[in-house]
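Visitor: I would like a close look at a single part of this model, taken slowly and with the numbers in view.

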Amino acid sequence: MPTQRDLSIAEFCCEMPKIELHAHINGSISETTMKKLLKKKNREGDKLSFQKDQIATLDDCFHMFKLIHQVSDDTEAAYTITYDVIHEFAAENVKYLELRSTPREVKATGMTKLGYVEAVIKAIQDCNDLDIIVKFILAVDRRNGVDVAKETVELAAKYKTLSNGIVIGVDLSGDPTVGDARDYIPVFEQAKQAGLKLALHLAEVPNIEETLAMLKLPPNRIGHGTCLLPDVGGSDELKDYVYTHKIPLELCLTSNVIGQTVPNFDNHHFSNWYKRNHPCVICTDDKGVFNTTLSEEYQIAAKTFNLSVDKIWQLSFGSIDHIFAEEDIKEQLRLKFLQFRPL
Ligand code: IMP
Ligand code: ZN
């Protein structure tokens with residue numbers, strides 16, 4: 001009888017049950033969904049994704065998000081994008097997904113932040129016939145200031161109860177070269193008190209002081225953590241803090257290489273942290289913008305770092321420990337993943 005070991009590494013990465021913990025809704029929009037929305041707005045000629053081999057900068061990425069937001073400007077679009085993104089992750093055997101998104105208002109279409117959050121929650125609820133558990137993290141954009149951040153955390157706290165646990169945490173994201181994350185510390189303290197988990201983009205670019213202050217919150221997980229290590233603009237103190245506190249890292253290989261915060265896959269910080277046995281979770285970040293999938297990200301990890309199918313499976317299985325949902329969901333997922341363990 002054929003076993004998982006008879007699969008190619010590409011097939012194995014695709015068929016293996018997976019966890020996605022770092023996916024921005026609007027950055028995850030697929031070409032198919034984008035075409036559907038562009039058609040509706042009579043903008044069918046627009047091109048809204050990067051080619052894989054195209055060198056872009058972090059600035060280019062943020063420009064792309066602005067373009068996507070022009071298309072995703074009403075609650076119907078927010079619903080469609082979320083619904084489609086969940087189906088796409090489910091189709092590649094993602095069994096547990098934490099989506100994150102910045103509540104946005106667009107006066108011209110009458111979309112309010114509340115309406116946006118409700119559209120996302122409704123799309124999540126409408127996907128409950130699929131074999132995937134979906135949670136929602138509300139994002140604080142560091143470009144928008146502390147008052148907006150406070151409002152986002154209040155929304156998250158309110159919908160944590162109203163959504164029956166779908167809303168589970170808050171994120172810090174946005175252009176890492178803008179503003180000072182330390183301004184948001186009191187807001188994140190407030191989020192913690194409300195029982196929300198913290199998934200913060202940290203050290204995407206070198207900034208030792210800012211990163212150290214944010215680490216002391218501490219976040220439940222770190223997005224990217226690209227510049228924590230001393231040889232890439234971090235410091236021993238940052239590295240030791242993350243290591244000794246075992247703060248999991250959400251690592252997005254293609255995103256970092258296309259965004260040019262990491263020169264190439266071989267030099268990605270994954271290898272350093274993985275070798276230390278530090279909790280690492282492979283994620284996509286923005287699968288639409290970076291034209292990738294979670295299965296491909298696992299394949300890249302396998303190929304670049306010479307990981308066997310056992311190691312790849314363990315990486316996926318180990319990710320369950322770092323999800324924001326409760327222990328009963330973790331147990332449920334572990335049973336499911338164990339059935340796919342290479343024999
Ligand atoms: P949205 O929050 O669903 O609208 O997704 C797009 C937003 O995610 C962007 O406007 C950024 O604020 C954020 N984002 C996506 N990728 C990154 C990243 O790599 N670093 C920081 N922020 C990001
Ligand atoms: Zn991100």
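Is His-22 buried or exposed, and what is its relative accessibility?

Guide: This is a predicted model, and in it His-22 has a relative accessibility of 0%, so it counts as buried, the limit for that class being under 20%. His-22 is also one of the residues that hold the zinc ion (ligand 2), which is coordinated at 2.1 Å by the NE2 atoms of His-22, His-24 and His-201 together with an OD atom of Asp-285. Along the chain these donors follow the spacing H-x1-H-x176-H-x83-D, and the pair His-22 and Asp-285 links distant parts of the chain, 263 residues apart, with His-22 in strand E1 (residues 18–24) and Asp-285 in the loop between strand E8 (280–282) and helix H12 (294–305). Asp-285, at 5% relative accessibility, counts as buried because it too falls under 20%. As for the geometry, the four donor atoms around the zinc ion subtend angles of 82 to 168°, and the arrangement is therefore irregular; a tetrahedral assignment would require all angles to lie between 85 and 135 degrees.

The model also holds ligand 1, which has 18 residues around it, and those that come nearest are Asn-26, His-69, Ser-101, Thr-102 and Asp-286. A polar side-chain atom of Thr-102 lies 2.6 Å from an oxygen atom of ligand 1, while a backbone N or O atom of Gly-174 lies 3.0 Å from a nitrogen atom of ligand 1, and a side-chain N or O atom of His-224 is 3.3 Å from an oxygen atom of ligand 1. Of the 490 Å² of accessible area that ligand 1 has on its own, the protein covers 98%.

How values were computed:
Residues are numbered from 1 along each chain as its sequence is written. Chains are lettered from A and ligands numbered from 1 in the order in which they are written. This is a predicted model: local features need pLDDT of at least 70, side-chain atom pairs count only at pLDDT 80 or more; totals for chains, interfaces and linings use all residues. Side-chain values use heavy atoms; hydrogens and water are left out. Donors are N, O and S atoms within 2.8 Å of the metal (3.2 Å for Na, K and Ca); water is not among the atoms, so sites may look incomplete. Four donors count as tetrahedral if all angles lie between 85 and 135 degrees; four count as square planar and six as octahedral if opposite donors are over 155 degrees apart and all others between 65 and 115; anything else is irregular. Helices (H or I, at least four residues) and strands (E, at least two) are DSSP runs, numbered from the N terminus. Buried means under 20% relative accessible area, exposed over 50%, partly exposed in between (1.4 Å probe, protein chains only). A residue is near a molecule or strand if one of its heavy atoms lies within 4 Å of it. A polar contact is a pair of N or O atoms within 3.5 Å; within protein, one must be able to donate a hydrogen and the other to accept it, and residues adjacent in sequence count only if both atoms are side-chain atoms. Accessible areas come from the Shrake-Rupley method with a 1.4 Å probe; for residues, only the protein chains shown count as cover.
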